[in-house]
Amino acid sequence: MSRRKKGKKTLSRPDGPFQGGLVCPLCLASGVRPLRAGGGVFFRCRRCGIVFNSAYRPLSYDESYFLDDYRGQYGKTYAEDREAIRRLADARLVRIFSLYGGGAPRGSLSLLDLGSALGFFLESARDAGLGRVCGVELSRYASEWCRRESGLAVVNSAFEDAVFDETFDIVSAWYFLEHCENPRETIQRIYALLNPGGIFAFSAPSVFGPQFVFDRGDWAARHPVDHRVDFSPLTAVRVLKRMGFRTVRVRASGVHPERIVPRGSPLYPPFALLYRGIAPLVRFSDTIEIYARK
Ligand SMILES: [Zn+2]
């Protein structure tokens, strides 16, 4: 296994009195306050700004997650959504390469994708010319599907239990980190697995978005029990820089004006135009993508 390295700067020790024994899972500060309309379950860290779920519990992600659950949410199975997921993957790879810079030939680069699902991001990375791509996936169904259909390397394991005998130029994790019980340890391990100059690219839910800001009760009621943390653009930059990353870029993803003004409203067309123009500039969105360079 690769040795774990500490970031250039480590987050400092907890300060202040404990509030109900609660500690921020990202920076370990004990200065946390309960969210209004959070049902006593959600807290915001006063130091790093992360919002966390004190009633978190992990769920299993197996065959039904990629079939029935996904179809229930998106109207098709995960496998049937391959084309759209590949388009998104291609766009994300462009952003990764833009931050990485033009020095090394792509064939010399390696990528590790955490929570690789059926491997569609790995397929895009391979097709973009990366020399070595590998996934880590908890679901046996998804791991076997990926190996069988794409012939790609996947470790069927939880990330914290996976063993690697190499480091990587890129580590990606699309909607993965919020599911981790100890996101701080996960980020530290990712940092250690990256080569100098390497890129950590991930997506996550953000509280600097319309659902949290305009409808907190609905946000709390719909919040997945297996989501431990919710970021914001500023929190993501602050935390990742403290953990040693040199450059951090954040972009809005999932811009949904209909969550603020209903589609049927006469105000919707001008509002949607305005919101789609402004949201990317201020990164006001229910989900964000983060690209960090070691
Ligand atoms: Zn914190």
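**Exercise 1. Find which residues Val-171 touches, not counting residues up to four places away in sequence.**

Val-171 touches Leu-112, Leu-114, Ile-190, Leu-193, Leu-194 and Phe-200. Contact means C-beta atoms, placed from the backbone, within 7 Å. This is a predicted model: local features need pLDDT of at least 70, side-chain atom pairs count only at pLDDT 80 or more, and totals for chains, interfaces and linings use all residues. Numbering starts from 1 along each chain as its sequence is written.

**Exercise 2. Place Val-171 in the largest nonpolar core.**

Step 1. Define the core: buried Ala, Val, Leu, Ile, Met, Phe, Trp, Tyr and Cys residues joined through C-beta atoms within 7 Å. Buried means 20 or more other C-beta atoms within 10 Å of the residue's own.

Step 2. The core holds 72 residues; Ile-50, Val-171, Phe-200 and Phe-202 touch the most other members. Strand 8 (residues 194-205) gives the most to this core, with six residues.

Step 3. Turn to the whole chain. Buried residues make up 39% of its 294 residues.

**Exercise 3. Work out the strand order of the open four-stranded sheet.**

Step 1. Strands are DSSP runs of E, at least two residues, and helices are runs of H or I, at least four, numbered from the N terminus. The chain has nine helices and 11 strands.

Step 2. Pairing needs at least two DSSP bridges between two strands. Strand 1 and strand 2 (residues 42-45) pair antiparallel over three bridges. Arg-33 has Arg-44 in strand 2 as its bridge partner.

Step 3. The order is 1-2-3-9, with antiparallel pairing. Strand 1 (32-34) and strand 9 (229-230) are the edges, each pairing on one side only.

Terms used
Buried ≥ 20, exposed ≤ 12 C-beta atoms within 10 Å, placed from the backbone. Contact = placed C-beta atoms within 7 Å.
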